[in-house]
Amino acid sequence: MIYLDYNATTPLYNHAHEAMLPYFDQHFGNPSSVHAAGREARAAIDDARDKLAALLRVKPHELIFTSGGTESCNLAVLSLARCPSSRGGHVISNKAEHHAVLNAVEYLEKRKNFEVTWLNVSPDGIVDLGQLASAIRTETRLVSIMAANNETGVIQPMREISQICRDRGVLLHSDMVQSFGKIDIDLSLVDTASFAAHKFYGPKGAGLLFLRSGLSVQPIMFGGAHENERRPGTENVAAIAGMAAAAEWTLRDRQVEQKREAQLRDELWARIAGTFPAANQNGDSAHRLANTLNVSFPGFDSETTLMALDLEGVCASSGSACMVGSVIASHVLLAMGLPMERASSAVRFSLGKQTTAKEIDDAAKAIERIVDQLMKANSAYAVA
């Protein structure tokens, strides 16, 4: 199997797995209990929080542990937008966001009487900064723009976005789920940011939300005083310990690794373009994650191409991995103004630490075979 779907999830790093093991049996206590077993579990959470805070260059109490990126995004968007009042307001985002933000903002718009400004996105995937600046008004509660897109890898100009929001006194949230371990993260630019462990070689079911000191959130769940009364529920001690271990490892050789992945990604694109000159690379090629390649194969729908890749032992996707196996036209590419044919024929290849040059070579050969087969099938159909 050739796994080229690292943006969907990453394999669990072995040291992260080892860091988790003691909390499955030996130190199984509830971290909210006052006895020795509980204190051992609490110590693991505190240690993980300190490690992650140091890596992110923030204060430990500014981190809230969650179940993953979706909950972190929901908590940021829903709670901060509603903090000043429960009677509506104004929020700014864009239609190329991950559904964790997109659907949360749509909920505010449709169910909570919020006004929403949806920013335009260029054909390269960059939000319109001029429109952002002009859209902010007195009642604007929150701006939410992801740092790097999960489908195209396009990196937004967060420094400029931050300056616009700072100048106008508006809170800024960023979905940074795809950013950790891939690009420099400067949390001084934002008020809140979301992360998920399984995107950087940690376990599924663990995430965190950065929330700047001085800001408060309204819980979106109820039932306890955990995480300083910001997120109720017994913490997933083992997963939190694994997340901290994975984060340390991921950042250890980040720049060297990202350069390696970029070279492999560009090699794959060169081979695809040579095999199928009609292919289109989607997203800004200069401002993009090193590991991400989004390609449209005109004339072939995404589902057919993905099934053919799967039969060849190549794992890829058509976009977000949070749509329960559905293969539909990418909402991200449509938000960028690309035509339906291009959006519905897109395939995302995303690389990771375990990706090898041989795998890229084998994947390129598999794509060559698939393109040849599909073109022959299309020709035969046209003749018939």
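Hi everyone, this is a short walk through one structure, from a strand pair to a helix, a cavity and two unusual backbone angles. Please keep in mind that the model is predicted.

Let's start with the strands. Strand β3 covers residues 89–94, and it pairs with β4 in the parallel sense over six bridges. If you'd like a spot to look at on screen, find S93, which stands opposite W118 in β4. How does the chain get from β3 to β4? Helix α4, residues 99–111, belongs with the two strands in a β-α-β unit, and that unit is right-handed. As for β4 itself, residues 114–119, five of its six residues are buried, so the rest of the structure largely encloses this strand.

While we're here, have a look at N113, in the loop between α4 and β4. Its phi is positive, about 65°, although N113 is not a glycine. That catches the eye, since most residues other than glycine have a negative phi. Is N113 buried or exposed? Its relative accessibility is 63%, and the cut-off for exposed is over 50%, so N113 counts as exposed.

There is a second residue of this kind, E229. Here too phi is positive, at about 65°, and E229 is not a glycine. You'll find E229 in helix α7, residues 226–229. With a relative accessible area of 57%, E229 is exposed.

Now over to helix α8, residues 237–252. From its first C-alpha to its last, this 16-residue helix reaches 23 Å, close to the 22 Å expected at 1.5 Å a residue. How many of the residues of α8 are buried? The count is 13 of the 16, so α8 is largely enclosed by the rest of the structure.

Last stop, the cavities. There are four of 30 Å³ or more, and the largest has a volume of about 120 Å³. The lining of that largest cavity is made up of 17 residues, and the closest to its centre are G181, K182, Y201, Q258 and E261. Which helix gives the largest share of this lining? That would be α9, residues 254–275, with four residues. And for those of you who think in side chains, the lining of the largest cavity divides into five nonpolar, six polar and six charged residues.

That's my tour, and I'm happy to go back to any of these spots on the screen. Thanks for listening!

Methods
Residues numbered from 1 in each chain as written. Predicted model: local features only at pLDDT ≥ 70, side-chain atom pairs only at ≥ 80, totals over all residues. Heavy atoms only, no water. Buried < 20%, exposed > 50% of the residue type's maximum accessible area, 1.4 Å probe, protein only. Pairing = 2+ DSSP bridges. Right-handed = clockwise from strand over helix to strand, strands pointing away. Expected span 1.5 Å × (residues − 1). 1 Å grid on protein atoms, 1.4 Å probe; cavity = no way out; pocket = protein on both sides within 12 Å on 5 of 7 lines; lining within 4 Å. Points joined across faces, edges and corners; volume = space filled by probe spheres on them. Nonpolar A, V, L, I, M, F, W, Y, C, P; charged D, E, K, R; others polar.
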